[in-house]
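Me: I have just opened this one and I'm not sure how to read it. Can you walk me through the main features?

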There are 2 protein chains.
Amino acid sequence: MSAIGQDPVNVDPDHYKVEFENDRVRVLRISYGPREISVMHGHPASLAVFLTDQQVKFTYPDGKTEEVRAEAGQTLAFSEMEHLPENLSDKPLELILVELK
Amino acid sequence: MSAIGQDPVNVDPDHYKVEFENDRVRVLRISYGPREISVMHGHPASLAVFLTDQQVKFTYPDGKTEEVRAEAGQTLAFSEMEHLPENLSDKPLELILVELK
C-alpha cells in the first residue's frame, strides 16, 4: 500500500501493527520502547494521533534528519514519506497512524 | 461534506472543532463536558481515536438508541451516519474523528 519504501508492518512488526483496515484507510498502532529505533520504511499520506508525548528523530533516505516533538492528544498530517524513526526519549511512545489509501 | 445530516461544526460548534482539513480528510476534535448532549448531525465514513474513556449514547433519526463504550487509546471505524450523541458519564470526554472525504 505504501507508494514508496518498504511496508513497516513487514519490516518492523514489533513496532507497527495493523489495528484496522478497509478500502479507504489502514490504521496502524505504533509503539516504541525507550530509545528504540526502526528500519527505513514508507507510508502513504497519513494522519497521526499521538497517544503519548513524543520526541522522535526521523532519518530520511538522503541522510538528512528531523526531530519531531508532540504531546499526547495532538494530531499531525504527513505527506507520503520514507523515513527511519528513532525514539529519543527514555519513555515508551504510542500513536495511531491513519494511512490513506 | 457530510453526505447526510447537518454538519456538526455548524450546528454544535461548542463540541465539534475542525483540527485539520485537506482534500482527503477532515479531522475533528470532539470534546463534551460531563453529561452534555449534542444535536442531530451527520458524519461521512470516519475513524475515531478516543483520547479519554467514553460512555456515550447515540440516538438515531428513527428514534433507536445505542450505547458506545470505549477506553482511551482505542480506535473505532464508523460508516456514514446521522446521530445525536450524549455523554452518559460524569467525566468529560475527548476524541479525534478522522472524517474521510
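**Reading the core and the pairing**

Reply: Let's begin in the middle. The largest nonpolar core has 34 residues, and Leu95(A), Val98(A), Leu95(B) and Val98(B) touch the most other members. A nonpolar core here is a set of buried Ala, Val, Leu, Ile, Met, Phe, Trp, Tyr and Cys residues joined through C-beta atoms within 7 Å. Buried means that 20 or more other C-beta atoms, placed from the backbone, lie within 10 Å of the residue's own (exposed is 12 or fewer, partly exposed in between).

Me: Which strands supply at least two residues of this core?

Reply: Strands E2 (25-32), E4 (46-50) and E9 (93-100) of chain A do, together with E2, E4 and E9 of chain B. Strands are DSSP runs of E with at least two residues, helices are runs of H or I with at least four, and both are numbered from the N terminus. As for the general idea, nonpolar side chains tend to be buried together in soluble globular proteins.

Reply: A word on the source: this is a predicted model, where local features need pLDDT of at least 70 and side-chain atom pairs count only at pLDDT 80 or more, while totals for chains, interfaces and linings use all residues. Residues are numbered from 1 along each chain as its sequence is written, and chains are lettered from A and ligands numbered from 1 in the order in which they are written.

Me: What is Leu95(B) in contact with, leaving aside neighbours within four places in sequence?

Reply: Contact means C-beta atoms, placed from the backbone, within 7 Å. On that basis Leu95(B) meets Ile30(B), Ala48(B), Val49(B), Phe50(B), Leu51(B) and Gln54(B).

Me: How many helices and strands are there in chain A?

Reply: Chain A has one helix and nine strands, and along the sequence they run α-β-β-β-β-β-β-β-β-β.

Me: How many residues does each chain give to the contact?

Reply: Chain B gives 16 residues and chain A gives 16 residues. On the side of chain B that touches chain A, E9(B) has the largest share, three residues.

Me: How are the two copies related?

Reply: In general, two copies of a chain are related by a rotation about an axis and a shift along it. Here, chain B lands on chain A with an RMSD of 0.0 Å after a turn of 180° and a shift of 0.0 Å along the axis. The copies are thus related as by a two-fold rotation axis. The superposition is by least squares on C-alpha atoms of residues with pLDDT of at least 70 in both. Also, 100% of the interface residues of chain B are interface residues in chain A too, so the copies meet through the same surface.

Technical notes:
Contact = placed C-beta atoms within 7 Å.
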